[in-house]
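The following exercises are to be worked with the sequence and the three-dimensional model side by side. Each task is followed by a solution in steps.

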Amino acid sequence: MQDLAQKTLTRENVFDGQILHVRRDEAQMPDGQIVEREVVEHPGGVGIALEDEDGKFFLVRQWRYAQEQETLEYPAGKKEKGEDPLMTAKREIVEETGYEGTNWKYLGSMMPTPAYDTEVIELYYAKKGAFRGQHLDSDEELDVNTCSLEELTRDVLSGKIRDAKTMYLTLLLGELKRRGEL
């Protein structure tokens, strides 16, 4: 099997923001060719599928500034420096929906844009617990919705839902439920 690894030769920081950092690397391809790579460094995050007693999942409708449109997504959030992903998930689900999660299950991770971004999103499933009240960040405004897995699947397949973590998590939930693992 061919070795596809590229060796980093140099690394230059280009931008340091509140969330993202951008660097420009010089790398060597397996064939010896030297190439330039631009990398967005992201601390990573979580996505949470919170299911209520009726089998509906909580989603948030919010404005995504970079895309200049509203999106419908599973609750999610950025990990704080050094924060355990499960703790991030437990914090974010209350902040965004107002509900605690119970019976947490880790579902794996995904890389939304691996070509140029280091972000990894850890995915979790939980059952709806006690209501504690929503605690949105000062720059966050969203509506909480619930949808059945069938509705979510339909909206993914029709192109209405285009958020990568929501698409993947919907596919994953459907298969895990079909297998009787959730």
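**Exercise 1. Pairing in the sheet**

Identify the residue of β2 that is the bridge partner of Thr8, and then establish the order of the strands in the open sheet.

Solution. The model is a predicted one.
Step 1. Thr8 has Ala27 as its bridge partner in β2.
Step 2. This pair belongs to the contact between β1 and β2 (residues 21-28), where eight bridges join two antiparallel strands.
Step 3. On to the next pair: β2 and β3 are likewise antiparallel and joined by eight bridges, and Glu26 has Glu36 as its bridge partner in β3.
Step 4. The three strands therefore form an open sheet in the order β1-β2-β3, in which β1 (7-16) and β3 (34-41) are the edges; because each has a single partner strand, one side of each is left without a neighbour in the sheet. From one strand to the next, the twist averages 20°.
Step 5. The hairpin of β2 and β3 has five residues between its strands, and there Gly32 adopts a positive phi near 95°.

**Exercise 2. Overall composition**

State how many helices and strands the protein chain has, and in what pattern they follow one another.

Solution.
Step 1. The count is three helices and ten strands.
Step 2. Along the sequence they follow the pattern β-β-β-β-β-β-β-α-β-β-β-α-α.
Step 3. The C-alpha trace spans about 55 × 40 × 30 Å along its principal axes.
Step 4. Of the 182 residues in the chain, 38% are buried.

**Exercise 3. Two residues and their accessibility**

Decide whether Asp16 is buried or exposed, and classify Gly55 by its relative accessibility.

Solution.
Step 1. Asp16 is located in strand β1. Its relative accessible area is 53%, and the cut-off for exposed is over 50%, so Asp16 is exposed.
Step 2. Gly55 belongs to the loop between β4 and β5. With a relative accessibility of 25%, Gly55 is counted as partly exposed.
Step 3. For distances, Asp16 and Gly44 are 28 residues apart along the chain, with 16 Å between their C-alpha atoms. Gly55 and Val120 are 65 residues apart in sequence, and their C-alpha atoms are 27 Å apart.

**Exercise 4. The largest nonpolar core**

Determine which helix or strand supplies the largest share of the largest nonpolar core.

Solution.
Step 1. This core has 19 residues; Ala49, Phe57, Tyr74, Leu107, Leu152, Leu169 and Leu173 touch the most other members.
Step 2. At least two residues come from each of β5, β8 (99-110), β9 (121-131), α2 (149-158) and α3.
Step 3. The largest share, four residues, is that of α3.
Step 4. In soluble globular proteins, nonpolar side chains tend to be buried together.

**Exercise 5. The largest pocket**

Describe the lining of the largest pocket by position and by residue class.

Solution.
Step 1. The pocket has a volume of about 1,900 Å³.
Step 2. Its lining comprises 46 residues, with Gln62, Arg64, Glu73, Asp163 and Lys165 nearest the centre.
Step 3. Elements that each supply at least two lining residues include β4 (45-51), β5 (56-64), α1 (85-97), β10 (142-148) and α3 (164-178). The largest share, five residues, is supplied by β6.
Step 4. By class, the lining contains 20 charged, 15 nonpolar and eleven polar residues.

Key:
Residues are numbered from 1 along each chain as its sequence is written. This is a predicted model: local features need pLDDT of at least 70, side-chain atom pairs count only at pLDDT 80 or more; totals for chains, interfaces and linings use all residues. Side-chain values use heavy atoms; hydrogens and water are left out. Two strands pair if DSSP finds at least two bridges between them. Axes are lines fitted to C-alpha atoms, for helices over the stretch in contact, and angles run from 0 to 180 degrees between N-to-C directions. On a 1 Å grid over the protein atoms alone, a cavity is a set of points where a 1.4 Å probe fits but cannot get out, and a pocket is an open set with protein on both sides within 12 Å along at least five of seven lines; lining residues have an atom within 4 Å of a point. Grid points are joined across faces, edges and corners, and a volume is the space filled by probe spheres set on the points. Ala, Val, Leu, Ile, Met, Phe, Trp, Tyr, Cys and Pro count as nonpolar, Asp, Glu, Lys and Arg as charged, and the others, Gly among them, as polar. A nonpolar core is a set of buried Ala, Val, Leu, Ile, Met, Phe, Trp, Tyr and Cys residues joined through side-chain atoms within 4.5 Å. Buried means under 20% relative accessible area, exposed over 50%, partly exposed in between (1.4 Å probe, protein chains only).
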